[in-house]
Each structure stands twice: as structure tokens, then as C-alpha cells.
Amino acid sequence: MGFKKQKKQKEKGRKEKIVESLELSKELLLGDCVVTLTGKSEAYIENYRGIIEYTSERIKLQAKKCVIEFEGSGLKVGYYTNDGMKITGQISDIHYK
Amino acid sequence: MRGYVKIKVYGYSPERFLNLCSSRQILIWDLKNTGDAYEMYMSVKGFRELQPVVRKTKTRVQIVKRRGFPFFMHKYRKRKIFFAGIFLCAVFIYVLSLFIWDIRFVGNSVRTTEVLMDFMERNELHHGMWKSDIDCDKVEAALRNEFDDIIWASVEIKGTRLIVYVQESLKVEQGGENIGEEPTDLCTEKDGTVERMITRAGTPVVSVGSPVSAGAVLVQGRMEILGDDGSVVNYQYCAADADVYLRTAYNYQEQFSMTYTDKQYEKEKEQTYYIKTFSTRWDLDFFEKERKTPHEEIVEEKQLHLWNNFYLPFYFGDVTKKYYKNVEKVYTEEEAEALAQKKLKQFCDDLQKKGVQIVENNVTIQVDEKNCTSSGTVVVIEKTGKRQPTEVLEVQQEEMDEYNGAQP
């Protein structure tokens, strides 16, 4: 089991190296989530899997490698598609779990 | 245009409902949590694809609002006259779009819009003509042929507008005068004294400081060729060319009456409106009484247009009437003098615009009970030189022979 994990990590490191050396976009190849913030009131999120929880105080999103949690007040979703989403409202915290 | 709905989703797993929507490429916007439910907008097309999602997630969907053209059509489906009106309106607008309703000129300054408009009328290009009857290339060529100073023209039909772009040539400087090859003299048109003189071709007849009278020759186009004994053996002819500046005087005489009529405007202005279409005008002044007192009218007219280039043959205008009374007034001495000075200044400015240099101003202003009279002379230095053909003189044959024999 330990050997498998080690192998996986090694492969991951190699993948990152290739992406870096070819100057390719990381979010595309490694599946990282892209969060673009405009002040406190707007956030654009790309490369996510789906919504886990949504209330006007908290939005929890599932990404490939982590869970992102937006906290604030009066949170709304401007649009929601497979490619990206826009969150508006007063954002106070962002947590990666 | 295709319609959208606002829906309310509640039940077992609304978050899953959202994720399934996004994975099935159903666009959701303005998603809001209302406590126990979610409200969101989606297109009608998206809404039709919802059924399997709803079944899977065990949620319930309720339509809150319906917006857009399909719903509008459905709501008013029984109003036949209304739809006929819309259809007729569309046909009417389409028919109007087949004509020219606005002609505009861009880039003209010397040739005024009125002059160009007059030309267009003569060439049967006018408001209300069929767009298909216009041959832009032909109009461009006609414009260039008619006006020599228009060096470039472009005619464009945009919407219901005919836009004519023109480029006018700049005036050729005076220095570029074509003097030709014919033998000519330069003579003066006015009395005066020669102030400065530079001769480039020809024989100067006058010198700096000599008085000349109107019509006198200043530079001759005939040059004498003298023999050894000082007698004229031949003449050579050329077009005289010189810059001759003459000191000359302009008489200034101006008189105006000390009494004048002044307009005393009433405080209140009267504003009325009108609508014009084709050549019919409807005044919207039902409650205004026609007054016979003299008045000035200021008219502002606007043409109705949809978007920038879709002009229609409908005009709205407002007319402001300013009523006044004619009051007889008398100038005070100061006012009369100021007015006389103003007129004199205008006269001098006009002279200076012609390129004349003013050196002396001997105008006196006299004010009496009835009139204000300004009289005197304005001394100026101005360029002169009018061309006239040189008189060709016969040379005696003997002298000619002698001259030719003397040549090696």
C-alpha cells in the first residue's frame, strides 16, 4: 500500500515537472480550481465539480482535490454552469479543506 | 426572445439538482437561497430537460414567473387586431425603409449645404425617393463635374440616409499666379504713390515715391534693345512680373440717423409644438390665441429616427414666439460715437482681410441732433498690378539691318 502511494506521489511530481517545463496552464492539466476575486463582493470559480452546500451565509464547493468554502452574507450565485460560476454578495472568509 | 422562467426548487436534495443541471449543460442564473428553497432562472429549453433531474433528485419544481416572447404570444393569442397592428406596423416600417428620408453632407465648408442640396434637387435626388433609384457612382461623378473645387466625393446609403462625403481643394496661393507667355504690362487700378517695388520681369516705368493715377502703366512688358549710338534697334517682349505696393486712400462716408427703432421684448415667451410628416404640418396650439403683435419665431425641428441611420419622414418641432413692441429711441452722443467707431472698425477689418495694410486713419465723427456722420479717408498700402496687353511697336527696317549687321 505504502509503495503504491509512493509511486502515485512520484508520478504526480513528474507530471507537475512536465507541466512546468512546457509552460502549460496548471489548472487544465492538474485539475486545480481557479478562484478569481474582485474585492469582497465577487468571486469567479472555474474547474470545480459541484455544490455541496448553499445557503446565503455559506457556499461549499467540491473541487478535484479539495473543498472550498465561501463564507459571508447575502451570498448569491450569479450564474452556474459546468465551466464556471459567479458568486456575489459580501464574502468574509474563504477556506480550503 | 426565446423565453425564460423563474423556478423554485425544494425537497430532498436541491444541491444535487443544481449539480445535475450543470452537468447537463442547463444554464442557471440568479440563484438565490430563500431559506427552505432555491429560486433561480433558466431558459424554457432548459426547463423542458428538467424532468429526469427532478425524478432523480426527488425534488419539486414550481414555476414562479414566466418571461419572454413565447409567453407574451400565448397570453395575447386571442387579440387578433393587436397582432394585425403589429404586423401592419412592421410592413409600414419596411416600406419606409425603401426610401431615402435624410440627405446629409460631410466635409463641405466652401460649398454650403444649401448649394449642394440645390444641386441634388436638380439631379432629381430628393427626400422620399426610392433607394434603388440611386446610382452612387453616377452622383459622385456628377458632383465632381459640377464643382471644380470638390476633388473627392463619396456617396453612401446607410439605412434610410444618403450620406455625401466631399473633400474640397484648398485655394491656390496668390504667388502661384499663372502669368502666361503673352506680352503684358502691369498697370494700377487706383491713384496713389508707389511705396515699394520689386520687378522680376519687364521694364519699370515708375519708381518708388512717384505718384501714379488710375490706369497708369507701372511695369512694361516691352524691353528696348539699344544700339551703340543709343538708339532703339529692337524690342523684346515678355509678361511683366513685379510686386508693386501703392500708398492709396479710401474714402469713408457713413451716416445714420440718431433715432432708431428698438424691439422691446415681452417677458413671457409662447411655446407651441407641431408634428410634420411628408409635407403636412399639424400645429398643436389649440388653446393659443393668434396675436397680431409682431414677434420673432425660433423653430427647432427634429427628425424621428430609429437607431442611428433609420430616419423616418416624421418631424417634431417646437416654436418659441417672442412678442415685442417697436419703440422709437434716440441714441445718446456716446452711444452714437461708439456705434460709428464700431462701423469704422468693421470697415478697417474688412480691408485688412483683403491683405491691405492700414497706415493712417483720418476719419472724423460728427454728431448733431439728427444724424451721426463719419467721414474722411483711410490711407493704406496695398498691392496693385492689373494685367493688360503690351502695345507691340514696329522697328524701322534700317535700324534692324544695322543691328543685325553688327552681330558677329
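Which residues of helix α1 (residues 14–23) of chain B are buried? In this predicted model, the buried positions of α1(B) are Pro14(B), Phe17(B), Leu18(B), Asn19(B), Cys21(B) and Ser22(B). An α-helix has 3.6 residues a turn, so residues three or four places apart point the same way. Just beyond the end of α1(B), Gln25(B) adopts a positive phi of about 60°.

The overall make-up of the two chains was examined next. Chain A comprises two helices and six strands, and these elements follow one another along the sequence in the pattern α-α-β-β-β-β-β-β. Chain B contains nine helices and 22 strands. Of the 97 residues in chain A, 16% are buried; for the 408 residues in chain B, the buried share is 16%. In chain A, 29% of the contacts between residues at least 6 apart in sequence join residues at least 24 apart. In chain B, residues 24 or more positions apart account for 67% of the contacts with a separation of 6 or more.

Within chain A, strand β5 (67–80) takes part in two hairpins. In the first of these, β4 (residues 58–63) is joined to β5(A) by five bridges, and the two strands run antiparallel. The connection between β4(A) and β5(A) is a hairpin of three residues, and Ile59(A) has Phe70(A) as its bridge partner in β5(A). In the second, β5(A) pairs with strand β6 (residues 84–96) of chain A over 10 bridges, again in the antiparallel sense. Three residues form the hairpin between β5(A) and β6(A), and the bridge partner of Val77(A) in β6(A) is Ile87(A).

Strand β5(A) also pairs across the boundary between the chains. Three bridges link β5(A) to strand β2 (residues 28–33) of chain B, and these strands run antiparallel. Two positions illustrate the pairing: Val77(A) stands opposite Leu31(B) in β2(B), and Tyr80(A) stands opposite Ile28(B). Val77(A) thus has bridge partners in β6(A) and in β2(B). Across the interface as a whole, 14 residues of chain A are in contact with 13 residues of chain B. On the chain A side, the elements that contribute two or more residues are β3 (48–54) and β5 (67–80). By class, this side of chain A has six nonpolar, six polar and two charged residues.

Several of the residues named above recur in the nonpolar interior. In soluble globular proteins, nonpolar side chains tend to be buried together. The largest nonpolar core in the model has 29 residues, of which Ile59(A), Ile87(A), Ile28(B), Met40(B) and Met42(B) touch the most other members. This core therefore includes residues of both chains. Ile59(A) is the residue paired with Phe70(A), Ile87(A) is the partner of Val77(A) in β6(A), and Ile28(B) lies opposite Tyr80(A). Apart from neighbours within four places in sequence, Met42(B) is in contact with Tyr4(B), Val5(B), Ile7(B), Ile26(B), Leu27(B), Ile28(B) and Phe47(B). A second, separate core of 14 residues includes Trp101(B), Leu125(B), Ile150(B) and Val166(B).

Further strand pairing was found in chain B. Four strands of this chain form an open sheet in the order β10-β12-β8-β22, with antiparallel pairing. The edges of the sheet are β10 (203–204) and β22 (386–389), each of which pairs on one side only. Two bridges connect β10(B) with strand β12 (residues 217–220) of chain B in the antiparallel sense, and Thr203(B) has Gln220(B) as its bridge partner in β12(B).

Elsewhere in chain B, helix α8 (residues 333–353) consists of 21 residues and reaches 30 Å from its first C-alpha to its last, close to the 30 Å expected at 1.5 Å a residue. Gly355(B), which follows α8(B), has a positive phi near 90°. Strands β20 (residues 357–367) and β21 (residues 371–384) of chain B are joined by 10 bridges and run antiparallel. The hairpin between β20(B) and β21(B) passes through three residues, and the bridge partner of Asn362(B) in β21(B) is Thr377(B).

How values were computed
Residues numbered from 1 in each chain as written. Chains lettered and ligands numbered in written order. Predicted model: local features only at pLDDT ≥ 70, side-chain atom pairs only at ≥ 80, totals over all residues. Core = buried A, V, L, I, M, F, W, Y, C linked by C-beta atoms within 7 Å. Buried ≥ 20, exposed ≤ 12 C-beta atoms within 10 Å, placed from the backbone. Contact = placed C-beta atoms within 7 Å. Nonpolar A, V, L, I, M, F, W, Y, C, P; charged D, E, K, R; others polar. Pairing = 2+ DSSP bridges. Expected span 1.5 Å × (residues − 1).
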